[in-house]
Amino acid sequence: MCGIVGYVGNRLATPIVLNGLKRLEYRGYDSAGIATIHAGKIDLRRDVGKLRNLQNLVESQPLSGTIGVGHTRWATHGEPSTRNAHPHLGGTGEVVVVQNGIVENYLELKEELIAEGIGFRSDTDTEVIVHLIERFYVADVSLEQAVRQALKLLRGSNAVVALSSREPGKLVTARLGNAGGVAIGIGQEEMFLASDMPAILDHTRRMVFLESGWLAVLTAQGYTLQTLSGQAVRAQEHQIAWDPVSAEKGEYKHFMQKEIHEQVRSLTDTIGGRLDQESGAVMLPSLNLTAEIAQNIDRIIITGCGTAAHAGMVGKILIENMARIPVEVAIASEFRYAEPIVTPNTVVIAISQSGETADTLAAMDEAKKRGARLWSVVNVIGSAAMRIADGYIAMLSGPEIGVASTKAFTAPLADLYLLAMLLGQLRGTLTAEQSRYFAIELAQVPFKVGQILEREKSVEQVAKALKEISHCLYLGRGVNMPIAYEGALKLKEISYIHAEGYPAGEMKHGPIALVDRQMPVIAIVPQDLWYEKMLSQLEQAKARGGAVVAVVTDGDERVPQIADYALWIPACAWQVSPILASIPLQLLSYHVAVLRGCDVDQPRNLAKSVTVE
Ligand code: AGP
């Protein structure tokens, strides 16, 4: 979704802002723009399409100034075009604004402003913000006061940044609701802001994060925070450990490929330090979980969107298996409107890589409002989903740049496995022997993932056989049913092949009608509780002429007799098999998409953080 980068200091703002926007390209966008203030005037460049177009424009028409703001736009109101690209200048030419989010009441505000004689130059909702700020920005009023007044009139969720040539050393930013975060980076005699930390990590690791209903004023000397009613507030400063180099592609062709390969490390980091392999004891201190809390939990609801929701579905089975607590999975965009029934002993767990997904944050707000205990599983430290929860588990994946989640899918699987173990230990549903067994199985996962990654070439061969298909059915059962959903999602988002994930047992109740020579079936068939049932479903697909690709346990002799292609994984406990089975499916989607010439890291229409509803 939209990306924002701002700078104020003593250096030229343009290269800092453009480099920051470059780091946010992965979020998805269709146009870009930048504004600086120089010699008391606002200077603006905008262009449609890739950031390269804006960079070319800036090269031919350079921008000076040591204060600036840039934006990559993901169209919500008005087509992708130069006139709709941000920043938007007000009628006086004195104020410029960028926004991330949606102004829900923009039509009524626009009508009001038009009635006042204001002319509009774009179709965006954002333009109303700059005109409203100008309405209040009369003599003796500061920019922050005018922004506060204007924001009081908006409905919706927004992150806004405003600059004024009347106060040329000042960046004002404010946040309403959950439409994207604002990270404020603290430098030496310079300040940065960004919708996502990677944009400014090159310059500083010291960050504070804007809460909803807060406004910040940034100058070269520092920052102040206040609420939208003008009361001073303080925020905790975070030291961010992420390394900017880890957000580079390195030797890999795409971020997605790099991130698939990083899973040996990300899983090692996620598991190590939290698990005593000898005793099987689990440590998750940031969750603030005591034996008393664990014993009193009456129900768990896991919420999230897309890939995160699929991780939650695996988590449900693991927690019910190890801790014997009933678990539901609720899609976040539905949960918020479902009038959820929770008690103070209900735990709501939100899973979110970015920690900024608007639907997930809204679900968290709803859960909190209704009195549930709130935990989150997040990758981005300092994100809203981490801050508003009563406790959290970090994914420890490092920055994930590819829009299609890979390492930020397997890390929460490991986190939820650890959580299931911990709950089982605190509730007495796991014996010491079972704890040790589960600990050993999990500890072996990174090594086994490494073994699977070494087989990438053979997965690429299978991808060659599938690259021309138009439809595909993914089947799984039990703990691997969500992996069928996730495999299908991964294929469709980056290769644009229509793919459906299905519980294998449901195939005969409808989807089997689709199976023919043109409809391959990809089945997850490890040697687990559901193995025999999966075999008969494979036979049924094969009998209809569909090509069968199967995820199979090393040494299995039965599945290869039915399947046309095998994707091998090492033997493991069924509880860890979703992590292992995900790896060849990620590689398969990746190679199919590359062979089809798709933009793997930035697939069309998609955004990395979905910060609007
Ligand atoms: C994953 O490949 C997708 N891009 C998408 O489904 C994603 O998982 C979803 O938007 C949730 O994102 P989050 O984890 O940042 O909340």
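This short presentation covers the ligand site, the cavities and two backbone features of the structure shown above.

Good morning, colleagues. Please keep in mind throughout that this is a predicted model.

I shall begin with the ligand. The shell around the ligand holds 15 residues, and those that come nearest are S352, Q353, S354, T357 and E493. By class, this shell comprises 6 nonpolar, 7 polar and 2 charged residues.

Three polar approaches to oxygen atoms of the ligand deserve mention. For T357, a polar side-chain atom is placed 2.5 Å from a ligand oxygen. For S352, a polar side-chain atom lies 2.6 Å from an oxygen atom of the ligand. At T307 the partner is a polar backbone atom, and the distance to a ligand oxygen is 3.2 Å. How much of the ligand's area does the protein bury? The ligand taken alone exposes 410 Å², and 91% of that is buried by the protein.

Let me turn to the space that holds the ligand. The ligand takes up the largest pocket. Which elements give two or more residues to the shell around the ligand? They are helix 9, spanning 306–323, and helix 17, spanning 481–495.

The pocket itself can be described in its own right. Its volume is about 630 Å³. A total of 31 residues line the largest pocket, and C305, G306, T307, E493 and V610 lie nearest its centre. Two or more lining residues come from each of helix 9, strand 17 (346–352), helix 11 (358–369), helix 17 and strand 21 (498–503). Helix 17 provides the largest share of this lining, with 5 residues. The lining of the largest pocket divides into 15 nonpolar, 11 polar and 5 charged residues. I would draw attention to two residues here: E493 is among those nearest the ligand and also among those nearest the pocket centre, while T307 is likewise listed near that centre and offers the backbone atom mentioned a moment ago.

Next, the cavities. How many cavities of 30 Å³ or more does the structure hold? There are 3. The largest cavity contains about 190 Å³ of space. Its lining consists of 21 residues, of which S195, D196, M197, S354 and V380 are closest to the centre. S354 thus appears in this list as well as among the residues nearest the ligand. The lining of the largest cavity is made up of 9 nonpolar, 7 polar and 5 charged residues.

The second largest cavity has about 60 Å³ of space. The residues lining it are C2, R73, W74, T76, H77, H86, Q99, G101, T124, D125 and T126. They comprise 2 nonpolar, 7 polar and 2 charged residues.

H86 leads to my last topic, the backbone. As a general matter, most peptide bonds are trans, and most residues other than glycine have a negative phi. The peptide bond from H86 to P87 is cis, with omega near 0°. P87 is located in the loop between strand 4 (67–73) and strand 5 (88–89). H86, on the other side of that bond, is one of the residues lining the second largest cavity.

Where is the residue E339 placed? It belongs to the loop between helix 10 (332–335) and strand 17. E339 has a positive phi, near 45°, although it is not a glycine. Strand 17, at one end of that loop, is also one of the elements in the lining of the largest pocket.

That concludes my remarks. Thank you for your attention.

Definitions and conventions. Residues are numbered from 1 along each chain as its sequence is written. This is a predicted model: local features need pLDDT of at least 70, side-chain atom pairs count only at pLDDT 80 or more; totals for chains, interfaces and linings use all residues. Side-chain values use heavy atoms; hydrogens and water are left out. A residue is near a molecule or strand if one of its heavy atoms lies within 4 Å of it. A polar contact is a pair of N or O atoms within 3.5 Å; within protein, one must be able to donate a hydrogen and the other to accept it, and residues adjacent in sequence count only if both atoms are side-chain atoms. Accessible areas come from the Shrake-Rupley method with a 1.4 Å probe; for residues, only the protein chains shown count as cover. On a 1 Å grid over the protein atoms alone, a cavity is a set of points where a 1.4 Å probe fits but cannot get out, and a pocket is an open set with protein on both sides within 12 Å along at least five of seven lines; lining residues have an atom within 4 Å of a point. A molecule sits in a cavity or pocket if more than half of its atoms lie within 2 Å of its grid points. Helices (H or I, at least four residues) and strands (E, at least two) are DSSP runs, numbered from the N terminus. Ala, Val, Leu, Ile, Met, Phe, Trp, Tyr, Cys and Pro count as nonpolar, Asp, Glu, Lys and Arg as charged, and the others, Gly among them, as polar. Grid points are joined across faces, edges and corners, and a volume is the space filled by probe spheres set on the points.
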